[in-house]
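Below are some short notes on how this chain is put together. They begin with one pair of domains and end with the overall dimensions.

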Amino acid sequence: MAKTRKLKFKAEVNKLLDILVHSLYTNREIFMRELISNASDALDKVRFELTRGTDVADADIPLEIEITVDEEKKKITIRDSGIGMDEDEIITNLGTVAKSGSEAFLKMLSENQDAQKEESVSSIIGKFGVGFYSVFMVAEKVTVTSRSFKKEAPAMRWISSGMGSFNVEKLEEEIQRGTTIEIQLREETSEYANADRLKEIVKKHSNFVNFPIKMDGEKINTIRALWREPKFKIKKEEYDEFYKFLTHDFQEPLDTLHVAIDAPVQFNALVFFPKQIMDMFGTLREDRGLDLYVNGVLIQHKNKDLIPEYMAFCKGLVESPDIPLNISRETLQENRVIQKISSALVKQILNHLAKMAKDDPEKYAEFWKEHGKVFKFGYTDYANKDKFAELLRFNSSAMKTADEMTSLAEYVERMKEEQKDIFYLTGASREAIESDPHLEMFRRKGIEVLYLYEPVDEFALNGLMKYKDHDLKAVEQADVSTLEKIKDDGKQEEKAEELSDADEKIFKKLLERMKEILGDRVTEVRESKRLHDSASCLVNPDGSMTSHMHKMMQMMNKDTSAPQKVMEVNKNHPLTRNLLKIYKKDPRDSFIEESVEQMYEAALLLEGYLTDPHRLVNRLNKMLEQSSGWHPAVK
Ligand code: ADP
Ligand code: MG
């Protein structure tokens, strides 16, 4: 006598089941898609074994899926002749193993409680590796009967009503290879026990499944390998439908790329650019990849070597006859053909994006907004450096809002005649960047500056070093003497009064005094050519990395010390002129010391290096107290 074992679901599975049964009401029909997708996976797996000559049970039976309905008894049965499950597999796969995704899925459910989002929730359930459990959205009881492809494995039966536990038993009788899932519907979901309704659901979600899906002996899906068909025969709607089938996305893709290449390797590929990427857990890069087919056989789901990380948002598949069918998944990685396909495909994708940017800038802007963050990491793809650079987009001082973007090519067109370099400045926001004293000179000269908001932007520009003949430089690295030669833009502001020769000399002395006050905290105190509105700023000793880059390095090293910089002083600023007067009276006046400390710490604060603001604030308050004494009402 076969004995039945009663086993408990893993805790997360229980939580998940509870939510599926009690709070997801819309779009329940997707349980069919999930079960059919599992059946199709199982068929792909057995076909893979068959092509490699594995000794498979029932090797001759057709690879297919069969659906039957009993309208009276409110029962649906889905049978496949796939790879099946043995005793261990059925227990772990359907209940006791905590899938890495289940926790993530639960978290997402708890964060997306409003009903509107249910559509997207049910559309992504399959992505978390918990698709099977969606059957409990409609089932009162589920019976899974399975026979593994391994000849000696006994047939198994698994029964559950989705509440806390399931029963498993070994079957005495011999059954055919594959898996049968019997669903006893609940009263309120009995609408699904209807052949027409089921056909409609299968057509909608599972039309492109690569194996026949039969109902009443009739095949109801369209098996089409779209990627092998000539492009002109395929309608946009068909690509879109295929994309939805492949990704379970409920929106159509932003764009589709279909390629057929003959040399140096032969392959066909379908690459989709999603409108939106669901990357709530930052798993996009890990989860990337394109499905790999050889002669109609799925060799690997989401092969990562076909697509580089910076194109992780691309979905789709590749088929090539140049890969041996019996290749093992381990050796796939070193396979030269895969590498060749990947490099050809990357070029195709870059060309496609370039064309999109040219022909349909609005669509490209949409692409950039959604995928730019990931795409920017392509600066490490040296082989495609030039193509990549053309695709970058930035906000800049020539744009009126933070949403507008420019390409490097457009920037170059707007460059000043005498300007050689392309300039950028990094900051947290447009406001932060625009209040940076380093920008003053550029504003005065009307020289455009790219605004970078993300760490990767600066890495990308640093990595490229040049665009065409132009060096890419942070504004603080600009060579001020060459910029000086570019004449001021438009309106001439009033010039400050020139200093007498004698005062010039005293100004030099004042700078020396300032250096004395700051000591080793700065490398030098010098007159600034770049400032106009501010009294002083800190700059890097020539050629060294930008403060933004430096700060990132420090963060990685948990270092909080301020770097040694050059302090530049604006000779024409009223504060400097006043200090000059004070200095002439008494070079040791303590007001000079306090002002210099204040100027220095304020500059540090702006650059994000000031770790303790107490001294700055105390000094500021003291100065305020003093200066209030000068107010006419007080005097
Ligand atoms: P996923 O399909 O993402 O792995 P599911 O929850 O849909 O997650 O399925 C869990 C696992 O159960 C599958 O990975 C597979 O091992 C097994 N399984 C489910 N249905 C079948 C089936 N029809 N044939 C063979 N194995 C199956
Ligand atoms: Mg599944």
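1. In this predicted model, the C-alpha centres of domain 1 and domain 2 are 27 Å apart. Domain 1 covers 4-216 and domain 2 covers 226-363; the chain also holds domain 3 (392-484) and domain 4 (501-628).

2. Between domain 1 and domain 2, 24 residues of the former touch 22 residues of the latter. The buried area comes to about 1,900 Å², with 66% of it from carbon and sulfur atoms.

3. What does the polar side of this interface look like? Three residue pairs are in polar contact across domain 1 and domain 2, with both residues at pLDDT 80 or more. The number of salt bridges between these two domains is zero.

4. On the side of domain 1 that touches domain 2, the elements giving two or more residues are helix 2 (30-51), helix 4 (100-111), helix 5 (118-124) and helix 6 (195-206). Helix 2 has the largest share, six residues. By class, the residues on this side of domain 1 are nine charged, eight polar and seven nonpolar.

5. For the protein chain overall, the secondary structure consists of 21 helices and 22 strands. The radius of gyration is 34 Å, whereas the globule rule gives 26 Å for 635 residues; the former is well over the latter, so the chain is more spread out than a compact globule. Along the principal axes, the C-alpha atoms fill a box of roughly 110 × 55 × 40 Å.

Conventions:
Residues are numbered from 1 along each chain as its sequence is written. Chains are lettered from A and ligands numbered from 1 in the order in which they are written. This is a predicted model: local features need pLDDT of at least 70, side-chain atom pairs count only at pLDDT 80 or more; totals for chains, interfaces and linings use all residues. Side-chain values use heavy atoms; hydrogens and water are left out. Domain bounds come from an automatic or database domain assignment. Contact means heavy atoms within 4.5 Å. Buried area is the accessible area (1.4 Å probe) that two parts lose on being put together, summed over both. A salt bridge is a side-chain nitrogen of Lys or Arg within 4 Å of a carboxyl oxygen of Asp or Glu. A polar contact is a pair of N or O atoms within 3.5 Å; within protein, one must be able to donate a hydrogen and the other to accept it, and residues adjacent in sequence count only if both atoms are side-chain atoms. Helices (H or I, at least four residues) and strands (E, at least two) are DSSP runs, numbered from the N terminus. Ala, Val, Leu, Ile, Met, Phe, Trp, Tyr, Cys and Pro count as nonpolar, Asp, Glu, Lys and Arg as charged, and the others, Gly among them, as polar. The radius of gyration is taken over C-alpha atoms; the globule rule is 2.2 Å times the number of residues to the power 0.38.
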